[in-house]
Amino acid sequence: MNENLLSITHEIQSSLAGNRPVVALESTVIAHGLPRPQNLETARRLEQIVRDEGALPATIAVLEGKLCAGLNKNQIELIGSGADIKKISTRDLAVAVAQLWNGATTVASTLWVAHRAGIRVFATGGIGGVHRGSLPDISADLPELARTPMIVVCSGAKIVLDLPATREWLETNAVTVVGYGCDEMPAFYARRSGLPVDARCDSPEEVARLFRSQRDLGIETALMVTVPVPAAAEVPETILDKILNEALNDAEQSHVAGRDLTPFLLARMAERSDGATLRANISLLENNARVAAQFARALQLA
């Protein structure tokens with residue numbers, strides 16, 4: 001990769017060179033995942049949480065065609081409130097560079113950029129996955145997980161997806177799924193999905209040892225560590241089922257599909273739950289950032 005296309009802040013470069021803990025954060029959640037003003041408030045809080053835990057946050061984005069690892073205050077505000085902020089997945093990176101886009105990175109493209117910057121831990125809310133329906137619609141997040149050796153901290157796949165099919169895809173493509181303090185994969189807004197994990201870890205040191213074993217074996221897939229939403233913010237299953245079905249019906253009637261479907265469904269669910277799903281989303285994002293920073297510190301010592 002041409003290093004001139006990647007801008008890493010001096011603070012992050014220094015931390016990586018000194019083997020100090022760094023946590024990558026995605027920017028699509030700022031630009032497209034959360035409503036205003038919660039998007040910018042949450043972005044700032046996530047960075048502060050990572051710092052409070054003794055690690056350095058590296059929010060990933062594309063600005064004027066440059067891949068950026070680490071954003072300043074003005075850049076975060078641009079991503080959160082600027083006009084024509086693109087949603088950039090891995091397939092879009094070359095176009096974004098060539099056409100000098102400003103854009104927010106998805107899970108997939110955040111992984112791609114962060115790995116090339118030398119970052120080993122990434123915190124997000126929920127990954128993309130296999131979409132519901134008969135057509136084979138699979139998020140680019142999944143193949144990126146299958147070829148990027150990083151620790152990815154999340155609360156499972158977004159609940160609007162086909163969770164059993166997503167879990168099966170991860171198994172088929174050798175992505176190890178860890179339950180952090182749990183024995184089954186969380187379901188984003190819900191703490192349980194009924195789907196198994198490959199291993200359970202109960203401390204940052206256990207996660208660091210497992211990741212180190214992957215590297216020693218030359219395994220090039222991500223270690224996906226799933227962390228349940230905090231119990232106080234969990235949305236009851238009965239409510240989730242009802243509002244999800246209503247949101248799916250709204251999407252069908254409005255002919256929403258493709259990359260617009262997931263944000264549409266999540267927004268509809270927030271409306272129909274009187275903000276309960278939005279509160280759960282913010283809570284799990286904050287918790288995952290905190291846990292990821294702890295993993296990054298443990299990895300520093302592993």
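**Exercise 1.** Which residues is isoleucine 151 in contact with, leaving aside its neighbours within four places in sequence?

Solution. The model used here is predicted. Step one: set aside the residues within four places of isoleucine 151 in sequence. Step two: list the remaining contacts, which are Arg120, Val121, Phe122, Val207, Phe211, Leu223, Val225, Phe295 and Leu299. Step three: place isoleucine 151 in its setting. The largest nonpolar core has 106 residues, and Ile151 is one of the five that touch the most other members, along with Val23, Leu145, Tyr189 and Met269. Helix 12 (residues 276-301) gives this core its largest share, 13 residues. As a general background, nonpolar side chains tend to be buried together in soluble globular proteins.

**Exercise 2.** Find which residues of helix 8 (residues 163-172) are buried, and decide how they are arranged around the axis.

Solution. Step one: the buried residues are Leu163, Thr166, Arg167, Trp169 and Leu170. Step two: these residues cover an arc of only 160° around the axis, so they lie on the same side of helix 8. Step three: recall that an α-helix has 3.6 residues a turn, so residues three or four places apart point the same way. Step four: look at the other side of helix 8, where Pro164, Glu171 and Thr172 are exposed. Step five: ask what covers the buried residues; the cover includes helix 7 (141-145), strand 9 (176-180) and strand 11 (223-226).

**Exercise 3.** Describe what is found at each end of helix 8.

Solution. Step one: at the N-terminal end, aspartate 162 acts as a cap, with a side-chain oxygen 3.1 Å from the backbone nitrogen of alanine 165. Step two: just after helix 8, alanine 174 has a positive phi of about 65°.

**Exercise 4.** Aspartate 84 and leucine 100 are not glycines; state the sign of phi for each, where each lies, and whether each is buried or exposed.

Solution. Step one: phi is positive in aspartate 84, at about 55°, and positive in leucine 100, near 55°. Step two: aspartate 84 sits in the loop between helix 4 (73-81) and strand 5 (86-88), while leucine 100 sits in the loop between helix 5 (93-98) and strand 6 (103-105). Step three: exposed means over 50% relative accessible area. Aspartate 84 has 58% relative accessibility and therefore counts as exposed; leucine 100, with 57%, counts as exposed too.

**Exercise 5.** Where is proline 37, and what is the form of the peptide bond that leads to it from arginine 36?

Solution. Step one: proline 37 is in the loop between helix 2 (28-33) and helix 3 (38-52). Step two: the bond from arginine 36 to proline 37 has omega near 0° and is cis.

Key: Residues are numbered from 1 along each chain as its sequence is written. This is a predicted model: local features need pLDDT of at least 70, side-chain atom pairs count only at pLDDT 80 or more; totals for chains, interfaces and linings use all residues. Side-chain values use heavy atoms; hydrogens and water are left out. Helices (H or I, at least four residues) and strands (E, at least two) are DSSP runs, numbered from the N terminus. Buried means under 20% relative accessible area, exposed over 50%, partly exposed in between (1.4 Å probe, protein chains only). The arc is that of the directions from the helix axis to the C-beta atoms. Contact means heavy atoms within 4.5 Å. A polar contact is a pair of N or O atoms within 3.5 Å; within protein, one must be able to donate a hydrogen and the other to accept it, and residues adjacent in sequence count only if both atoms are side-chain atoms. A nonpolar core is a set of buried Ala, Val, Leu, Ile, Met, Phe, Trp, Tyr and Cys residues joined through side-chain atoms within 4.5 Å.
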